Amino acid sequence: MNVAVNTPIFNGNEKKYLMDCIDSGWISSAGRYIGEFEKGMANFVGQKYGVAVSNGTVALEDAMIALNLEKGAEVILPDFTIISCVQAIVKAGLVPVMIDCDRKTWNMDVSRIEAKISSKTKAIMVVHVYGLPVDMDSVLSLAWKYHLLVIEDVAEAHGLTYKGRMCGSMGDISAFSFFPNKHIVCGEGGMILTSSESFYQRARRAMNLFFDAERKYIHSEFGDNHRMTNMQAAIGLAQLEQIERAVVKKREIGRRYQEELRGIDVFQLPVERTEYADNIYWVFGMVIKDSNLIADDVMKKLGEYGIGTRHFFYPMHKQPALIKANVCDELTLADEQYPNANYISEHGFYIPSGLGLKYEEQTYVIETIKKLYR
Ligand SMILES: *Cc1c(COP(=O)(O)O)cnc(C)c1O
C-alpha cells in the first residue's frame with residue numbers, strides 16, 4: 001500500500017463555485033468570491049478585515065510591510081519554523097532575533113523571550129507549530145509591557161483555539177496559508193487578518209503594487225503583485241464552509257495515532273493538550289528519543305513500506321540564506337543557543353495525516369510502525 005503524507009479533500013461547493021467563475025468570466029482578482037472569502041475568514045477568526053493574497057509566504061511579507069516599522073528594528077521569532085517567517089522580516093528591512101523551542105510542545109519557548117528584548121525590539125512573531133498554539137498570554141503580556149506588536153503565523157492552525165480564543169485573533173496582524181496541506185486549501189493562497197484600519201489599508205496596497213488610493217498608476221513605494229484569483233477564493237470559500245468538519249477529522253486522525261502509538265518507547269509523540277489548548281494535529285509529528293537514530297533512518301524505512309513522511313523544519317539560525325544576508329549578530333547565530341531546535345530538526349518527522357487519509361490507510365501506517373519499532 002502507498003500512503004501519501006497528505007491528500008486534500010473536496011466534498012462541498014468547490015466545483016460549483018469554481019464553475020461559476022468560469023461561466024461568469026470572473027477569473028481574475030476582481031471577482032466576488034475574493035470579498036466573500038475575506039469577510040468569511042475575518043468573521044470566522046474574529047478580526048475586522050481580511051486581505052486575500054497569493055500564498056502564505058507573501059501574506060507574512062505584506063503583513064510585516066503593513067506594520068511599517070522603522071528599518072533596523074528587531075523582531076523576535078522562533079528558531080524552529082519555516083523560512084517564510086525570517087524572510088518576511090529581512091525583506092522588510094528588519095532584524096530577526098530567534099528563540100529556541102520547547103522540547104515538548106515544539107513551539108517557541110516563551111520563557112526565553114524577555115531576555116532577548118532590547119531597545120530595538122519592536123515586534124514578536126509567533127508561529128503556532130504543528131497544531132498546538134504558542135502560550136499567548138505570556139507573549140501578550142510581554143508585548144504590553146514593552147510596547148511591541150504581535151504578528152501571528154496561523155498557517156498551521158485554522159480553527160485552533162487558545163483558552164477559547166481563536167488563533168489569529170490575538171495578534172495585531174495575522175497571516176494564513178491555504179497550501180494543499182493546510183486545514184483550508186485553495187491550490188495556492190494566503191490571507192492577512194487585522195482589526196487595525198491602518199494596517200489593513202497598508203497591507204491592501206502592499207499586495208497590489210502600492211497603487212495610490214486616489215489616482216491609479218501613481219505609486220508611493222515599490223510593491224509586488226500578490227493578488228489572489230477569484231478561482232482560488234471560490235475554492236477557499238467552499239473549504240471555509242466545511243472548516244468545523246475539517247477540525248473534527250484532524251483531531252480524529254491525531255487521537256487515533258496517539259492511542260495506537262503511545263506504547264512505542266522509541267518515539268516522543270505530540271502533546272495532546274496543555275492547560276490552554278487541545279492539539280488540532282495539523283501534522284502528526286514524532287521525535288526519536290534515541291539520539292543515535294536520526295529521522296532519515298526511520299523515514300527511509302517507512303518509505304520502503306510505501307509510507308510518506310516529511311522532515312521537521314530546519315532551524316533558522318543555520319539557514320545559509322540568513323547567514324549570507326548578514327543581518328544577525330554572532331550571538332543570534334550561535335548554535336549552542338538552540339539545543340532543542342537542533343535536536344528535533346534532526347530527530348523529528350511527520351507521518352500521513354491529510355484530510356483525505358482513509359481509515360484503512362491509517363491502519364496500515366499504524367500496523368507498520370508497530371511491526372518495525374515496538
Ligand atoms: C505553510 C506555511 C507557511 C507558508 O505558506 P505558503 O502558502 O506555502 O507560502 C508559512 N508559515 C507556516 C508556519 C507554514 O506552515
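The exchange below goes through how parts of this predicted model are classified, and on what grounds.

Reader: How do you know that the chain has more than a single domain, and what are the bounds?
Author: The bounds come from an automatic or database domain assignment. The chain is divided into domain 1 (14–240) and domain 2 (244–373). Their centres, taken over C-alpha atoms, are separated by 24 Å. The contact between them takes 40 residues from domain 1 and 45 residues from domain 2.

Reader: What makes a set of residues a nonpolar core here, and which residues have the most contacts inside the largest one?
Author: Members must be buried residues of the nonpolar kinds listed for a core, joined through side-chain atoms within 4.5 Å. The largest such set has 53 residues. Phe37, Met41, Ile113 and Phe178 have the most contacts inside it. In soluble globular proteins, nonpolar side chains tend to be buried together.

Reader: Which elements build that core?
Author: Several give two or more residues, among them α1 (14–24), β3 (95–99), β4 (121–127), α5 (136–146) and α8 (243–261). The largest share, seven residues, comes from α2. Each of domain 1 and domain 2 provides at least three residues of this core.

Reader: What does isoleucine 113 touch?
Author: Ile76, Ile99, Met108, Ile124, Val139 and Leu142, leaving out residues up to four places away in sequence. Contact means heavy atoms within 4.5 Å.

Reader: What other core is there?
Author: A second, separate core has 52 residues. Val51, Ala59, Cys101 and Phe313 are included in that second core.

Reader: Why is tryptophan 106 called buried?
Author: The cut-off for buried is under 20% relative accessible area. Tryptophan 106 has 3%, so it counts as buried. Tryptophan 106 sits in the loop between β3 and β4.

Reader: What is notable about the phi of tryptophan 106?
Author: Its phi is positive, about 70 degrees, although the residue is not a glycine. Most residues other than glycine have a negative phi.

Reader: Why is leucine 269 called buried or exposed, and where is it found?
Author: Its relative accessible area is 13%, so leucine 269 is buried by the under 20% rule. Leucine 269 lies in the loop between β10 (267–268) and β11 (284–288). Among the residues leucine 269 touches are Trp106, Gln258, Arg262 and Met286. Leucine 269 and isoleucine 288 are 19 residues apart along the chain, and their C-alpha atoms are separated by 9.0 Å.

Reader: Why does histidine 147 get its label, buried or exposed?
Author: Exposed means over 50%. Histidine 147 has 71% relative accessibility, so it counts as exposed. Histidine 147 is in the loop between α5 and β5. The phi of histidine 147 is near 55 degrees, a positive value in a residue other than glycine.

Reader: What makes the cavity a cavity, and how many count?
Author: A 1.4 Å probe must fit inside but be unable to get out. One cavity of 30 Å³ or more is counted. The largest cavity has a volume of about 50 Å³.

Reader: How do you know that the largest cavity lies between the domains?
Author: Domain 1 and domain 2 both give residues to its lining, so the cavity lies between them. The lining includes Thr105, Trp106, Tyr130, Pro270 and Asn279. By class, the cavity lining has seven nonpolar, two polar and no charged residues.

Reader: What about the largest pocket: where is it, and which residues lie nearest its centre?
Author: Both domains give residues to its lining, so the largest pocket also lies between them. Its space is about 310 Å³. The pocket is lined by 24 residues, with Ile82, Ser84, Ala155, Ser177 and Lys182 nearest its centre. α3 (56–67) and β8 (173–177) each supply at least two residues of that lining. The pocket lining has 12 nonpolar, eight polar and four charged residues.

Reader: Which residues of helix α4 are buried, and what covers them?
Author: In α4 (residues 83–91), the buried residues are Ser84, Cys85, Val86, Ala88 and Ile89. Their cover includes α3, β2 (74–78), β3, β4, β5 (149–153) and α10 (320–325).

Reader: What follows α4?
Author: Glycine 93 follows α4, with a positive phi near 80 degrees.

Definitions and conventions: Residues are numbered from 1 along each chain as its sequence is written. Side-chain values use heavy atoms; hydrogens and water are left out. On a 1 Å grid over the protein atoms alone, a cavity is a set of points where a 1.4 Å probe fits but cannot get out, and a pocket is an open set with protein on both sides within 12 Å along at least five of seven lines; lining residues have an atom within 4 Å of a point. Grid points are joined across faces, edges and corners, and a volume is the space filled by probe spheres set on the points. Ala, Val, Leu, Ile, Met, Phe, Trp, Tyr, Cys and Pro count as nonpolar, Asp, Glu, Lys and Arg as charged, and the others, Gly among them, as polar. Buried means under 20% relative accessible area, exposed over 50%, partly exposed in between (1.4 Å probe, protein chains only). Helices (H or I, at least four residues) and strands (E, at least two) are DSSP runs, numbered from the N terminus.
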